[in-house]
Amino acid sequence: MVEALRSDGLFSGIMLPQDIHEEIAAFAQRTPCFGNFDRRLELMPGEYDEAEKRFGRSLLSGHYFERILDCEAALAIQKDPLLLDVARHCLGGQAKLITTRVWWSFPTGKASDADKNLASLGKYHFDLDDWRMLKFFCYLTPVDTGTGPHVYVRGSHKHRALEHQLTFLVGHPAEQVQKVYAEDSPVTLTGEAGLGFVEDPFGFHMGTVPARTRG
Ligand SMILES: O=C(O)CCC(=O)C(=O)O
């Protein structure tokens, strides 16, 4: 894992125990979340269609913020010795957990660019939250190309075109970023519920807007 993170900026293929990802998914199904990172837009995730009408705006994401800390299975992932070991090997012995986020990506058809940018959707970006960090992701539902997969550009954590480094823009259109890297560099991360992957978020990545709900 550490070698892949150093060379590609990405390792995919972690499988979470079934009881753990199912418990988080069940928690998320029954707990109200907040639309578009906005605490005024509280909704039950299964009711996002009605919630969009009620709030008069499109909802791209539903976040749990600190509510996820009431979920034992999420806390178990935070403490997982293997994940901590990977972080320490990559970042050094003082690596610390910064935050844990759980969210839904909703298949809205009419989102504004501002809302998409806020949810980090549809445009490549890299994160500058800290000097160095890793992000561990895990899917709670099966994710295919139509249901909002995460995309990562392998190798982009190591080198970046000047036009992408010296800019105040956070999000870059896919075509602009892809022309800088080898054709097979972008990886669309699809897989079963429970699939985990870890990335160096200093490389280009993005979430995508689901075209449909699963099933
Ligand atoms: O995969 C996603 O939905 C977006 C995640 C992302 O881009 C980020 O955490 O910076």
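A salt bridge here is a side-chain nitrogen of Lys or Arg within 4 Å of a carboxyl oxygen of Asp or Glu. Arg39 and Glu66 meet that description in this predicted model. Their side chains pair at 2.8 Å, N to O.

This pair links distant parts of the chain, 27 residues apart. Arg39 lies in the loop between strand S2 (33-35) and strand S3 (42-43). Glu66 lies in the loop between strand S4 (61-63) and helix H4 (72-78). Both partners are partly exposed: Arg39 has a relative accessible area of 47%, and Glu66 has 44%.

A search of the whole structure gives five salt bridges. Among them are the following.

| Salt bridge | N to O distance |
|---|---|
| Asp38 with Arg40 | 2.9 Å |
| Arg39 with Glu66 | 2.8 Å |
| Lys135 with Asp127 | 2.6 Å |

What is the exposure of Asp38, buried or exposed? Asp38 is buried, at 14% relative accessible area. Its partner Arg40 is exposed, at 69%. The bridge between Asp38 and Arg40 therefore joins a buried acid to an exposed base, because buried means under 20% and exposed means over 50%.

Lys135 and Asp127 give another picture. Lys135 counts as buried, with 18% relative accessibility. Asp127 is buried as well, at 11%. Both values fall under the 20% cut-off, so this salt bridge has two buried partners. Their closest approach in the bridge is 2.6 Å, N to O.

Why can such pairs form? Side chains of opposite charge can pair when their charged atoms come close.

Note on methods: Residues are numbered from 1 along each chain as its sequence is written. This is a predicted model: local features need pLDDT of at least 70, side-chain atom pairs count only at pLDDT 80 or more; totals for chains, interfaces and linings use all residues. Side-chain values use heavy atoms; hydrogens and water are left out. Buried means under 20% relative accessible area, exposed over 50%, partly exposed in between (1.4 Å probe, protein chains only). Helices (H or I, at least four residues) and strands (E, at least two) are DSSP runs, numbered from the N terminus.
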